[in-house]
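Biologist: Could you take me through one part of this model closely, and then show me how it connects to the rest? I would enjoy a step-by-step account.

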Amino acid sequence: MNIDAIENGIVIDHITAGKAMKLYSLLKLDELDAQVAIIKNASSRKMGRKDIIKIDAEIEVNLDAIGYVDPSATVSVIRNGKLDAKHNLDLPEKLVNVIKCRNPRCITSTEQELDHVFRLTDTEHKVYRCIYCESKAKKL
């Protein structure tokens, strides 16, 4: 399989196999007017299998959203055909407008202009809680 190199864009690599479509949806890549390649179950010496997303456009991606879905992923920024920056991710301490609170009594249900903010409360189990009502976020 051949996927051309990117001249200017983003490569999200080392995605745990099977999580690329979640990232595609969460980052709203379907709304882009650019080429997006999703490589699922690629061979990897370190991981066995991995997913890769290549975006052939210079866009801002939400690193917190990517870290939330898969903290082992890496994000490489390509400019003029060369690696310009590489970001190794971690679980973000705070998520803003990445996920929505499911609690119907939460203030974010009635006050639509409020940001949906979640804090990491348990790193080991990847538990995020709404800062307004303390509801636990649904796991991806």
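**The three-stranded sheet and its surroundings**

Modeller: Happily! In this predicted model, three strands in the order β6-β7-β8 make an open sheet with antiparallel pairing. The edges are taken by β6 (94-96) and β8, and each has a single partner strand, so one side of each has no neighbour in the sheet. On average, neighbouring strands here are turned by 30 degrees against each other, direction ignored. Looking at one pair, β6 and β7 run antiparallel and are joined by three bridges. For a residue to click on, try Lys 94, whose bridge partner in β7 is Arg 119.

Now follow the sheet into the interior. Both β7 (117-122) and β8 (127-130) are among the elements that each supply at least two residues to the largest nonpolar core. This core has 30 residues, and among those touching the most other members are Phe 118, Tyr 128 and Ile 53. Other elements supplying at least two residues each include β1 (9-16), β3 (48-55) and β4 (74-79). The biggest contribution comes from α2, with four residues. As a general point, nonpolar side chains in soluble globular proteins tend to be buried together.

Ile 53 is worth a closer look: leaving aside residues up to four places away in sequence, its contacts include Ile 10, Ile 12, Leu 23, Leu 29 and Val 36. A separate core of six residues includes Val 11, Ala 42, Ile 52 and Ile 78.

The core also leads us to the other sheet. It is open and antiparallel, with five strands in the order β2-β3-β1-β4-β5. At its edges, β2 (36-44) and β5 (82-88) each pair on one side only. Here the average turn between neighbouring strands is 20 degrees, direction ignored. Six bridges link β4 and β5 in the antiparallel sense, and Arg 79 stands opposite Lys 82 in β5.

One last stop takes us to the cysteines. How many disulfides does the structure hold? Zero. A disulfide needs two cysteine sulfurs within 2.5 Å, and the sulfur of Cys 106 is 3.7 Å from the closest one, in Cys 130, so that pair is too far apart for a bond. Cys 133 is in no disulfide either, with its nearest cysteine sulfur, that of Cys 101, 3.5 Å away. The surroundings of Cys 106 and Cys 133 can be compared by exposure: Cys 106 is buried at 1% relative accessible area, while Cys 133 is partly exposed at 27%.

Methods
Residues numbered from 1 in each chain as written. Predicted model: local features only at pLDDT ≥ 70, side-chain atom pairs only at ≥ 80, totals over all residues. Heavy atoms only, no water. Buried < 20%, exposed > 50% of the residue type's maximum accessible area, 1.4 Å probe, protein only. Core = buried A, V, L, I, M, F, W, Y, C linked by side-chain atoms within 4.5 Å. Contact = heavy atoms within 4.5 Å. Pairing = 2+ DSSP bridges. Axes fitted to C-alpha atoms, helices over the stretch in contact; angles between N-to-C directions.
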